[in-house]
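Reader: Could you take me through one part of this model in detail, namely the protein surface that lies along the DNA? I should like to know which residues and elements make it up, and how far the prediction can be trusted.

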Protein chains: 2
Amino acid sequence: MIRMSKETDYGIILLAHFSQHRKGRKHSARELALENGLPLPMVRKILKVLAREGLLVSHRGAKGGYSLMRRGQRISVAEIISALEGPLAMTECVEAPGECRLEPTCQLKTAWQRINDTVLQTLSRMTLSDLTDPPPESVPFGGSDNRLVRIQ
Amino acid sequence: MIRMSKETDYGIILLAHFSQHRKGRKHSARELALENGLPLPMVRKILKVLAREGLLVSHRGAKGGYSLMRRGQRISVAEIISALEGPLAMTECVEAPGECRLEPTCQLKTAWQRINDTVLQTLSRMTLSDLTDPPPESVPFGGSDNRLVRIQ
DNA sequence: ATTAAATAGTACTAATCTAGTACTATTATA
DNA sequence: TATAATAGTACTAGATTAGTACTATTTAAT
């Protein structure tokens, strides 16, 4: 169904939580799990990944926790997804050209590349802040910059 | 990784095969498996679904097979995906509003709805024919209709 | 120093989903 | 009547996902 995994789903919820507070503020795994109604071990696991991938800064020890590495406006949904699930690649040929057994006969590689790029572009234009402060109906993702974009 | 399932992947390959031949032409499961290098039982399974979902017409009996219900220009990638995997819904709240345990606290529902709509729009604009006759670089999906579209 | 509260790293398990197969029934052609 | 095809359904093995558990390390407070 092209469904987000729980890990990514929770990860986005967690980052949105950070984004709604002062940028430098630290949040512990326990606090985040509690306030968002998520299972603590999962929250722990996800925060570790997000820190390793450079979206969060970790602060060890008592009174420790995690804080956002960058502001919400500067973190895209695409980045979050790829931090938690690896690069967005709807088919094998997009991720690892040449490895799919079907490449010799399949004629869809170019098309998949384009579909993938379009989806990726969409998700790259959306930032964490867009998620929690949804722009008014008529304004496209990408915040204040109201340009028309060409789909391709 | 937001990867297509094999079933969908193969399904699109199969439909593209149909689309590259005369519209009314029948193809049997065996022929399709052979020519596209796909496992026969999978091809059988997929064709049944596509027929049930109204994308293919089945012709039973000897010399039977399947043919396209509509021309390739009139079948979108979104339709194919939803025939094989059910409705495109990146999160639970998009597919079944009210059923996710997290809805009371989660503030991302609107955002997911918008992301989902955007992706869906993209996939809806792409037709089977676009897949096999990739439009030149500068022309967006949607075939000859070269309009700009607003992302939202 | 010691304790407590936090993250880091890793390994594990159960349940679910996916890919692929098998089999029987039905239909249509020759 | 034999053969070649789809329809329907059930099954299986393997991979993935969701969630847990445990040990080590780090830091703050007392």
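**The surface along the DNA**

Author: H59(A) stands opposite G65(A) in β2(A), and this pair is a convenient place to begin. This is a predicted model, in which local features need pLDDT of at least 70 and side-chain atom pairs count only at pLDDT 80 or more, while totals for chains, interfaces and linings use all residues. Residues are numbered from 1 along each chain as its sequence is written, and chains are lettered from A and ligands numbered from 1 in the order in which they are written.

Strand β1 (residues 56-59) of chain A runs antiparallel to β2(A), to which four bridges join it; strands pair if DSSP finds at least two bridges between them. The two form a hairpin with five residues between them, and in the turn G61(A) has a positive phi of about 85°. Helices (H or I, at least four residues) and strands (E, at least two) are DSSP runs, numbered from the N terminus.

Around DNA strand C there are 25 residues, of which S58(A), S5(B), K6(B), P41(B) and G61(B) come nearest; a residue is near a strand if its C-beta atom, placed from the backbone, lies within 6 Å of it. Two or more residues each come from α2 (29-36), α3 (40-52) and β2 (65-68) of chain A, and from α1 (6-19) and α3 (40-52) of chain B. The most, four residues, are given by α3(A). By type, this surface divides into eight nonpolar, seven polar and 10 charged residues, where Ala, Val, Leu, Ile, Met, Phe, Trp, Tyr, Cys and Pro count as nonpolar, Asp, Glu, Lys and Arg as charged, and the others, Gly among them, as polar.

Around DNA strand D there are 26 residues, and those that come nearest are S5(A), K6(A), P41(A), G61(A) and S58(B). Here α1 (6-19) and α3 of chain A, together with α2 (29-36), α3 and β2 (65-68) of chain B, give two or more residues each. The largest share, five residues, comes from α3(B), and the surface near DNA strand D holds nine nonpolar, seven polar and 10 charged residues.

As for trust, chain A averages a pLDDT of 89, with 87% of the residues scoring at least 70; pLDDT is the predictor's confidence in each residue, from 0 to 100. Over residues 142-152 of chain A, however, pLDDT stays under 50. Where pLDDT is low, the predicted coordinates should not be read in detail.

How values were computed
Contact = placed C-beta atoms within 7 Å.
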